[in-house]
Amino acid sequence: MSPGDTSIVREFPDNALAQVLFGPHNANLDRIEGHLGVALDVRGNTVTVSGTPDSAAEAARILDSLYQTTKRQGHLETADVDSAVRMVRHEDSAGDLVIRTRKRHIAARTPVQAAYIRAMGEAPLTFGLGPAGTGKTYLAVAKAVSMMVAGEVDRIILSRPAVEAGERLGFLPGDLKDKVDPYLRPLYDALHDMLPGDQVAKKLLGGEIEVAPLAFMRGRTLANSFIILDEAQNTTAMQMRMFLTRMGENSRMVVTGDVSQIDLPPGTRSGLVDAVHILDGVEGVRFVRFSDKDVVRHDLVTRIVRAYDKADRESKEKKAES
C-alpha cells in the first residue's frame, strides 16, 4: 500500500452469493478496481479493500450494496456494478427506491433515476425528460404496476402519439388496433416485464390496463389511475393541453419524452417543449432531466448519444455563425 492508504475487510457469509458477487474470474471486482483505483484481494469469501481512505470506503459500500442486490435478484450484471458505483459516488442509496412488481424488483441505477422514482412517488405530475435508454418509460410503467399491485390505483393508462403513422395509417393492414399497436409495442413490452403474461392479458381485457393512442384520451376524465404519456415530444401544444387536463381524483400522471427527437412537421411547436415552459414552477409538477450519463443500455448507446449531441451542438454553432 502507498503511504496514507487504508484497508477495509468485508466478509460475505453465503458462499454461492459471494461467487456471484465476485463474478467470473473476479470480473466484477476488477471492474470496481478500475472505477475507483483500489485493490481488492480475495481470500475465500473475504475481500480486503486497499486504497485511499475515501476510495476504500466507497468500494466497501459498493460491495455491500452489490451483495444486497445479489441476494435480491440472484444474479449480477455489469450494469448493476456500474450503477452501484454511480449511486455510492453520489452518496445516494437505492435501498428505499426499489420498485416492486409481480415479476421483478427494479432499483434506481443512477442518481437521476433515484430522483425520478422519488418524484413519481410524491408528485401528481412528473415529467421525465432526456435521451433514449435512460429508463424514463420503463421506470414509469414499473411504478404504475407497483401502485396497482398495492391497490393505490385502479387502472393504468398508457398512451403514445402515433405521429409517425400520419395519413399512412389507413394503408396499414387490419383494424384500428392492428394499425396502432406497432407504435405502442414498447409499452406492451414493459408491461410483460412487470407482470405475468396471463395477468397482462386479463387486465387488458378487463380494462384495468389500457394501452391506447393519444387521440383516445379526448373527452375523458381519468380518476384513480396511473396515466403515462410516452414520446410526448411528438404531441402538439393542443394535444398536450388536452392530455394533461384528463387527470381526475386520486390519479398520478407521468409524461416522458426527448426534445431532441421531435418528429412533428416543420414549424409545429412540440407540446412537450410548450409544457416545460408553461408549467415551470407550478406546484405539484416535477421535472426530472436525464442525460447521457443516465443511459443504462449497452455502453455503446452512451457513446452514440454523446456523438449525436456533439453533432447537434456543432450544427447549431454553424447556423449561429452564418
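This is a chat about a predicted model, going through its core, its ring pairs and a few single residues.

Colleague: Let's start inside. How many residues does the largest nonpolar core have?

Modeller: The largest nonpolar core has 35 residues. Those with the most contacts inside it are Tyr116, Val141, Leu158, Leu191, Val211 and Ile228.

Colleague: Which elements supply at least two residues of this core each?

Modeller: On the helix side, H5, H6 and H7 (176-194) do. Strands E7 (155-160), E8 (209-213) and E9 (225-229) do too.

Colleague: And where does the largest share of this core come from?

Modeller: From H6, with eight residues.

Colleague: Take Val141. What does valine 141 touch, leaving out residues up to four places away in sequence?

Modeller: Valine 141 touches Leu158, Ala190, Leu191, Met194 and Ile228. Leu158, Leu191 and Ile228 are also on the list of residues with the most contacts inside the core.

Colleague: Switching to charges. Is lysine 143 buried or exposed?

Modeller: Lysine 143, which is found in helix H6 (residues 136-149), is buried yet has no salt bridge.

Colleague: What's the nearest side chain of opposite charge, then?

Modeller: That's glutamate 152, 6.2 Å away from lysine 143. A salt bridge here needs a distance within 4 Å.

Colleague: So what does lysine 143 touch?

Modeller: Not counting residues up to four places away in sequence, lysine 143 touches Ile99, Met120, Gly121 and Phe226.

Colleague: What about lysine 203: buried or exposed?

Modeller: Lysine 203 sits in helix H8 (residues 197-206). With a relative accessible area of 16%, lysine 203 counts as buried, because the cut-off is under 20%. Setting aside neighbours within four places in sequence, lysine 203 is in contact with Met148, Leu195, Glu208 and Ile209.

Colleague: New topic, aromatics. How many aromatic pairs does the structure hold?

Modeller: The structure holds four aromatic pairs. One of them is phenylalanine 12 with phenylalanine 22, an edge-to-face pair at 6.3 Å centre to centre with 75° between the planes.

Colleague: Where do those two sit?

Modeller: Phenylalanine 12 is in the loop between strand E1 (6-11) and helix H1 (15-22), and phenylalanine 22 is in helix H1. They are 10 residues apart. Both phenylalanine 12 and phenylalanine 22 are buried.

Colleague: Which other pair should I look at?

Modeller: Try tyrosine 116 and phenylalanine 290, another edge-to-face pair: 5.2 Å centre to centre, 85° between the planes. This pair links distant parts of the chain, 174 residues apart. Tyrosine 116 is in helix H5 (residues 111-122), while phenylalanine 290 is in the loop between strand E11 (285-289) and helix H11 (299-321).

Colleague: Why does tyrosine 116 count as buried?

Modeller: Because tyrosine 116 is at 0% relative accessibility. Phenylalanine 290 is buried too, with a relative accessible area of 7%.

Colleague: Back to Phe12 and Phe22. Which cluster are they linked into by ring pairs?

Modeller: Ring pairs link Phe12, Phe22 and Tyr67 into a cluster. Tyr67 is one of the buried residues of H3.

Colleague: Tell me about H3. How many residues does helix H3 have, and how far does H3 reach?

Modeller: H3 (residues 53-73) has 21 residues and reaches 30 Å from its first C-alpha to its last, close to the 30 Å expected. Its buried residues include Ala59, Ile62, Leu63 and Leu66, and also Glu58.

Colleague: And what is H3 followed by?

Modeller: Glycine 74, whose phi is positive, near 80°.

Colleague: Which residue that is not a glycine has a positive phi of about 60°?

Modeller: That's asparagine 26. Most residues other than glycine have a negative phi. Asparagine 26 lies in the loop between H1 and helix H2 (27-36) and is partly exposed, with a relative accessible area of 28%. Asparagine 224 has a positive phi as well, near 50°. Asparagine 224 is found in the loop between E8 and E9, and it is partly exposed at 29%.

Colleague: Last one, arginine 306. What is arginine 306 in contact with, beyond its neighbours in sequence?

Modeller: Leaving aside neighbours within four places, arginine 306 is in contact with Asp292 and Lys293. Arginine 306 lies in helix H11 and counts as partly exposed at 42% relative accessibility. Arginine 306 and proline 131 are 175 residues apart in sequence but 9.9 Å apart in space, C-alpha to C-alpha.

Terms used. Residues are numbered from 1 along each chain as its sequence is written. This is a predicted model: local features need pLDDT of at least 70, side-chain atom pairs count only at pLDDT 80 or more; totals for chains, interfaces and linings use all residues. Side-chain values use heavy atoms; hydrogens and water are left out. Helices (H or I, at least four residues) and strands (E, at least two) are DSSP runs, numbered from the N terminus. The expected span of a helix is 1.5 Å times one less than its number of residues. Buried means under 20% relative accessible area, exposed over 50%, partly exposed in between (1.4 Å probe, protein chains only). Lys and Arg count as positive and Asp and Glu as negative; His and the chain ends are not counted. Contact means heavy atoms within 4.5 Å. Rings of Phe, Tyr and Trp (its six-membered ring) pair if their centres lie within 6.5 Å; planes under 30 degrees apart count as stacked, over 60 as edge-to-face and the rest as tilted. A nonpolar core is a set of buried Ala, Val, Leu, Ile, Met, Phe, Trp, Tyr and Cys residues joined through side-chain atoms within 4.5 Å.
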